[in-house]
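User: Hi! I am new to this structure and would like to learn why its parts are described the way they are. Could you walk me through it?

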Amino acid sequence: FGNNYQKNDDSSFIINYRDTKQATTCLKSITSLKKYKILFICGQYEDIIENNIQTILDENIISLFILIQTCINLKFDFPLNVSCVFTSTDNYLHAFYSGLSGFVRTLRQESTKITCKIIETDDLEKNLERIMTEVFNQNIDDLEIKIINKRFVKSFREIMSKESNLEAVSFKKKGVYLITGGTGGVGLIFF
C-alpha cells in the first residue's frame with residue numbers, strides 16, 4: 001500500500017485502495033493488457049494488539065471491499081478473478097479473515113463476472129509457487145484454500161446425525177417466519 005499510485009511494471013502496482021481513482025486507474029491498466037487475474041496480498045502482522053485492529057481492517061479487509069466495489073462499478077464485460085492471500089500463524093488473526101468467507105460466497109451469487117477466492121498460508125515466500133498455481137486454477141468451486149505443507153479446500157457435505165430428530169425442525173402450520181437474506185440484495189452495500 002502506498003499513498004501515491006505507483007506502477008512497478010506492466011502487471012505490478014502499489015496503490016492506496018482507499019482512493020478509488022487509483023484503484024480505477026490500476027484496474028484499467030491491468031485489463032487493457034488483457035490480464036484478468038488480480039493477486040491481493042494482505043499485510044503481515046507480528047502482534048495483534050488493540051491498536052492494530054483498525055489498521056488490519058483498513059489495510060486488508062476494507063481495501064479488498066473497495067477493490068471489488070471498483071471492479072463492480074467498472075462493469076467489465078469479461079470475467080475477472082481476484083485471489084486474496086493472507087498469512088496466518090495466529091488464530092486471532094485468522095478470525096479477521098475468516099469473515100471473508102461469507103463475502104466471497106455472496107459475491108459469487110451477486111456477480112457473474114467477478115470471482116474471488118481466499119488463500120491462507122503459513123509462509124508466503126515458501127508457498128509462493130503453490131499460491132500462484134491456485135491463482136491460475138480455473139476451478140471456481142474452490143473458494144477457500146489453505147496451503148500449509150499441503151493443500152486443503154474448505155467444502156461442505158451433508159452428514160446425518162445418529163440421533164436425527166427431523167420433527168424438531170419442522171414448520172408449524174400457519175406459523176410466522178422471518179427470512180433474512182436470500183433475495184440477492186447484499187451486493188447493494190457496495191453502491
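Analyst: Gladly! Let us begin with threonine 70 in this predicted model. Threonine 70 is buried, with a relative accessible area of 4%, and it lies in helix α2.

User: Why is threonine 70 called buried?

Analyst: Buried means under 20% relative accessible area. Threonine 70 has 4%, so it counts as buried. Leaving out residues up to four places away in sequence, threonine 70 touches Thr20, Ala23, Thr24 and Leu27.

User: Which other residues of α2 are buried?

Analyst: Among them are Ile56, Asn60, Ile61, Ser63, Leu64 and Cys71. As background, an α-helix has 3.6 residues a turn, so residues three or four places apart point the same way.

User: How do you know that the length of α2 agrees with its number of residues?

Analyst: Helix α2 covers residues 53-74, which is 22 residues. At 1.5 Å a residue they should span 32 Å, and the end C-alpha atoms are 30 Å apart, so the two agree. The helix also has a kink of about 35 degrees, centred on serine 63. Just after α2 comes lysine 75, with a positive phi near 50 degrees.

User: Cysteine 71 is in that buried list. How do you know that it has no disulfide bond?

Analyst: A disulfide needs two cysteine sulfur atoms within 2.5 Å. The closest cysteine sulfur to that of cysteine 71 belongs to cysteine 26, and at 9.1 Å it is too far for a bond. A search of the whole structure finds zero disulfides. Cysteine 84 is in no disulfide either: the nearest cysteine sulfur, in cysteine 42, is 3.6 Å away, which is outside the 2.5 Å limit.

User: What makes cysteine 71 and cysteine 84 buried?

Analyst: The limit is again under 20%. Cysteine 71 has a relative accessibility of 1%, so it counts as buried. Cysteine 84 has a relative accessible area of 1%, so it is buried too.

User: How many aromatic pairs are there?

Analyst: The count comes to three aromatic pairs. One of them joins phenylalanine 65 and phenylalanine 103, with 4.5 Å centre to centre and 45 degrees between the planes.

User: Why is the pair of phenylalanine 65 and phenylalanine 103 called tilted?

Analyst: Ring centres must lie within 6.5 Å to pair, and 4.5 Å satisfies that. Planes under 30 degrees apart would be stacked and over 60 edge-to-face; 45 degrees falls in between, so the pair is tilted. Phenylalanine 65 lies in α2 and phenylalanine 103 in α4 (residues 100-110), so the pair ties together parts 38 residues apart in sequence. There is also an aromatic cluster formed by Tyr36, Phe76 and Phe78.

User: Are phenylalanine 65 and phenylalanine 103 buried or partly exposed?

Analyst: Phenylalanine 65, at 27%, is partly exposed, because this class runs between 20% and 50%. Phenylalanine 103 is at 10% and counts as buried.

User: Where is asparagine 127, and what makes its link to aspartate 122 a polar contact?

Analyst: Asparagine 127 sits in the loop between β5 (114-121) and α5 (128-136). Its side chain and that of aspartate 122 are 3.2 Å apart, and a polar contact needs N or O atoms within 3.5 Å, one able to donate a hydrogen and the other to accept it. Asparagine 127 is buried, with a relative accessible area of 4%.

User: What does the whole chain look like?

Analyst: The protein chain has five helices and seven strands, and buried residues make up 35% of its 191 residues.

Methods:
Residues are numbered from 1 along each chain as its sequence is written. This is a predicted model: local features need pLDDT of at least 70, side-chain atom pairs count only at pLDDT 80 or more; totals for chains, interfaces and linings use all residues. Side-chain values use heavy atoms; hydrogens and water are left out. Helices (H or I, at least four residues) and strands (E, at least two) are DSSP runs, numbered from the N terminus. The expected span of a helix is 1.5 Å times one less than its number of residues. The bend at a residue is the angle between axes fitted to the seven residues ending there and the seven starting there. Buried means under 20% relative accessible area, exposed over 50%, partly exposed in between (1.4 Å probe, protein chains only). Rings of Phe, Tyr and Trp (its six-membered ring) pair if their centres lie within 6.5 Å; planes under 30 degrees apart count as stacked, over 60 as edge-to-face and the rest as tilted. Contact means heavy atoms within 4.5 Å.
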